[in-house]
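Me: I'm new to this structure and would like a close look at a single part of one chain, with its surroundings explained afterwards. Could you walk me through it slowly?

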Amino acid sequence: MKDMIRWFLLFILSFMLIGGKWAFAGDVGAMLKAMADPAGAPFYPVVMQVLQVLTWMLHMIFVYTSIGGLFFTIYGFTKKEERWQRLAKATLELSKVSVSLAIVLGVAPLLFYQVIYDPLWYTSANLSAWWYVLFIVFLLIGYYFIWGAYFTKDKPSMSMLMSVLGVLFLLLVGFIIHVVNYQALYPEKWVEWYTDGGRTMNISGWNIYAFNVFRYLSFLVFPSIAVTGVFLMLYNWYFRSREDMDKDYLDWAGKLGARSAMYAGIGWLVSHILYIFTIPADWGAKGSIFTWLSVLGLVLCAGVVFSSQKNPAKMAIPSLLAGSVALLLIAVFREYLRVASTARFGYSIYSYKLNLEFLSPLLFLGTLLTGLVLYAYAWWMAYQAGKTPKGKVYEASETEHHLGDLSVFVVILWAIVFIGVGLIVVVRNYG
Amino acid sequence: MDVLGFYPMWYVPVVGSGFVIAIIAAIHVMASHTSVGASILLAYLATKAYRENQPQIYDYIKKYLLGLLVFSYVSGSITGPGIWFSATVVNPRGISALIHNFVWVWAAEWVWFIAEVTLVYILFYTLGKIDQKSWLRLAWTFAISSWATMYIIVGILSFMLSPGHEKWFTTGSILDAFYNKNYFPHLLERTSYMFAIAGTVGLAIAALMKKDLPEKVYKDIVKTLSYWGIGGIVFGLMFFAWYVSTLPERSHVILEKVIPLYLKLPIMLIILVVLAHFVLAAVRPQAVRFWMAYPIYALIFFMGVYPEEKIRETIRKPYVAGEFVWVNQIISRDVPAKGIKSEVPVIDQKGLLTVNPFVPEGLKKINSQNEIMAGKAIAILQCSGCHNVTGSTGLRPFGQKFAGMTDPNAVYGFLTSYLRDNHPPYMPKLVGTDEEIKALSAYIAHMISKGGSVSAKIEVPNTSAEAKKEVQP
Ligand code: HEM
């Protein structure tokens, strides 16, 4: 009899648990659906998703060289040897330019993310509102420290101090964006977090609710060193052809880069796997192909870097390619996690409301093509100028002049079309 | 259960969360207008250097470019996303409405943004390292790319104020939304003033280099900048008048009745100062001084750009986007073309607290125990975008607006007859169930009787689990 009652109670309890979970998943699902913007997406969500993944990868490359560059700078400044001092300045320069690129490239994933995952992004940002704003403030401060380091680069101790402060702020910035990305993955906890279980409303915006150290290490800290290591190999490769550069120094820097890339790559792999182990079981992530592809990518990349140790300059481009593939697979894995998490509540970007529209995608396409012509010309000229020894002027060839004329032409054409369309619309609507 | 897509609310006591946007936006406007204006001025100067064979002008250009990189690009490229970041936590549904309409337009701007940022570095590093003609081409593409970012953002900013035409609500056409009534005057006004801003800092840089440049070159540069600057101010004023004439009705009311003189007057003053400075520089280039030009540049920020941003933000009220999203995040009208429905009827029927998923269960059903706290939550959710709802200082504080009203019934009468049934053009209609308005009244009367200031903390008597149990016995 006692057993019967016990079993009966257990049955009721498990029913409550499961039923409660269903009801709860329903609530969270309804909330996510309600949050998705009623304006709908102006274009196929899958396109947004692909662009988000691709541009995130580009963003991260320069985030890594910003932070990694500073690590090398700081270490280099502690060394007496001339080549370390020289390297410290070179990676400082790299870091300085990279922050700009990281910022502009970060804008694109931010756009696409907010179109298809608006419930996740806006909630997570608002849960930690002050931190989200401080992201900008800290980035500004950090970047000015890096410029400060750059302007004082001939006073190593001063410059090192500035670099240390710069990297600390950037790591803090990375911490905040990490928190925002990470909190976003737990919709079932948002209300609980925000209301302290129903006791209040945390309107102050000062709370941080979730952090995962392995994710932070594997998405930010280790790759920074590894990717910058690969950049040093590229540095070796690019400047070798310039006769006013010191070959021994370049080869040394390339070797250093290859070695750092290898050791940091191992750290990256380990922290990545540890992160995978912390993912909740009900997402089904551990059995997913995307998870293991990301690990495989890292292993392959480590292999290429391992075989580059002897001749880093020659292996610079293959290492870059291998690294890009690994990073792309990680970007896909990160996106897969969002899909896996939100699928638990029936949210899918593929069923996002559509308000299809073709003119603005066309504008983007046209602008992108125009931009690509311009980028090609500008970057090519910069590449040539960089290869020209100090004190000499690079004279453009006939073809380069043509490309230059073309890029001026397409940019002006773009402006005329843009304003012309505007005039027509305004005259039609208000004339 | 009915839920609407609200996000967790962020409340900044006293000054209000909008203040955070205003500061970041003002820095951004200053930096971006300096950069865009300078990109065109520098391309023009470089052309002059090339045509008239005055290579010393390049020394000036190089200094200016470095200044731009360090001051404008660093702060401009960070505060640009910064406006967006701060808007995300102040007005998530407003920014979301913009992004869902204009994502591709923004993506197009991004193409130019990349061009701009990479070109400023490339121009700086390749000056004197590639032939003049190639450099000149890069300088002009840089100038047009920079200006193109303005072509784009101005359309979105204007749409925030108003789609301009009723048509958009039924066509939903991106062209109608973007090229709205306000677009061209707004674009031309900014384009004009940016030359005055970039010209002023240009004079400061020229003054610093007076000793290093031959007199003729120096004079040439100063005069060129001054003419552009004078033109910028004159045209800016003209386009401003046009801009004002395209504002919607409510903005005119706000401009007259709500915007205080201490925001309008400094703008007029600084315009005069900048103009006088350019005239002086054009007539007597040698008289230009760094210690004069630079402070004037700084004053443009405090007396011109910051008040302008505040005013622009205020005349948009009570909306944050396209005349269908209110400052308090509520969607207030149908947009048939997009299938967007006004949320006001649902809220009036079910209650604001009920439909917001981030309101604790224990506040959703109002009783004598939780009434004050429920009222506080309503005030924060519905009014804090424009009012300090927990004090009597700072942003249009409730402590002052309701001074003396310690009787809940009196507050209730005022709220219903004024804000709910007959709201002014600068405020959204008061929404919610009758019990909710009573709770809001009780809270307001309570805070006034406490001296007009209470803590912003919301304390719920019951946890969510307990509250749920009560509802389903
Ligand atoms: C230089 C400073 C920056 C650092 C160190 C940094 C670092 C990071 C890191 C570590 C992540 C991955 C976080 C995670 O998943 O746990 C990330 C993602 C992201 N970052 Fe940055 N970031 C920086 C600047 C920016 C800026 C300025 C923007 C926006 C304009 C931005 C936009 C984004 C976005 C949107 C994502 C998420 C993208 C996605 O999931 O598709 N970042 N960043």
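Me: In which helix of chain A do A:K96 and A:E93 lie, and how many residues apart are they?

Reply: Happy to help! Please keep in mind that this is a predicted model. Both A:K96 and A:E93 belong to helix α3 of chain A, which covers residues 82–116. They are three residues apart, about one turn of the helix. Their side chains meet in a salt bridge, with 3.1 Å from N to O. Side chains of opposite charge can pair when their charged atoms come close. Over all chains, the structure holds 26 salt bridges, and the pair of A:K96 and A:E93 is one of these.

Now let's step back to the chain around that helix. Chain A has 13 helices and zero strands, so reading from the N terminus you meet one α element after another. Along the principal axes, the C-alpha atoms of chain A fill a box of roughly 95 × 70 × 40 Å.

Another helix of chain A to look at is α2, residues 45–78, where you will find A:H59. The NE2 atom of A:H59 is the single donor that the protein gives to the iron atom of the ligand, at 2.2 Å.

Chain A is also divided into domains. The assignment gives domain 1 as 2–357 and domain 2 as 358–431. Taken over C-alpha atoms, the centres of domain 1 and domain 2 of chain A are 32 Å apart. Where the two touch, eleven residues of domain 1 are in contact with eleven residues of domain 2. About 960 Å² is buried between these domains of chain A, with 55% of it on carbon and sulfur atoms. On the domain 1 side, A:Y238, A:R242 and A:E357 lose the most area to domain 2, together 59% of what that side buries. Between domain 1 and domain 2 of chain A there are zero salt bridges, but six residue pairs are in polar contact. The domain 1 residues that touch domain 2 divide into six nonpolar, one polar and four charged.

Finally, chain A has a partner, chain B. Here 105 residues of chain B are in contact with 111 residues of chain A. The area buried between chain B and chain A is about 9,400 Å², and carbon and sulfur atoms give 74% of it. In chain B, B:F85, B:H100 and B:W104 lose the most area to chain A, yet together they make up 10% of what that side buries.

Across the interface of chain B and chain A there is one salt bridge. In this salt bridge B:R137 pairs with A:D405, the closest N and O atoms being 2.8 Å apart. The interface of chain B and chain A also has 36 residue pairs in polar contact. Several helices of chain B each supply at least two residues to the side that touches chain A, among them α1 (18–51), α2 (56–90), α3 (92–126) and α4 (132–161). Of the elements of chain B, α3(B) gives the most to that side, with 26 residues. The chain B residues touching chain A divide into 71 nonpolar, 21 polar and 13 charged.

Conventions
Residues numbered from 1 in each chain as written. Chains lettered and ligands numbered in written order. Predicted model: local features only at pLDDT ≥ 70, side-chain atom pairs only at ≥ 80, totals over all residues. Heavy atoms only, no water. Donors = N, O, S within 2.8 Å, 3.2 Å for Na, K, Ca; no water. Helix = DSSP H or I, 4+ residues; strand = E, 2+ residues; numbered from the N terminus. Domains from an automatic or database assignment. Contact = heavy atoms within 4.5 Å. Buried area = accessible area lost by both parts, 1.4 Å probe. Salt bridge = Lys/Arg side-chain N within 4 Å of Asp/Glu carboxyl O. Polar contact = N/O pair within 3.5 Å; in protein donor to acceptor, adjacent residues only side chain to side chain. Nonpolar A, V, L, I, M, F, W, Y, C, P; charged D, E, K, R; others polar.
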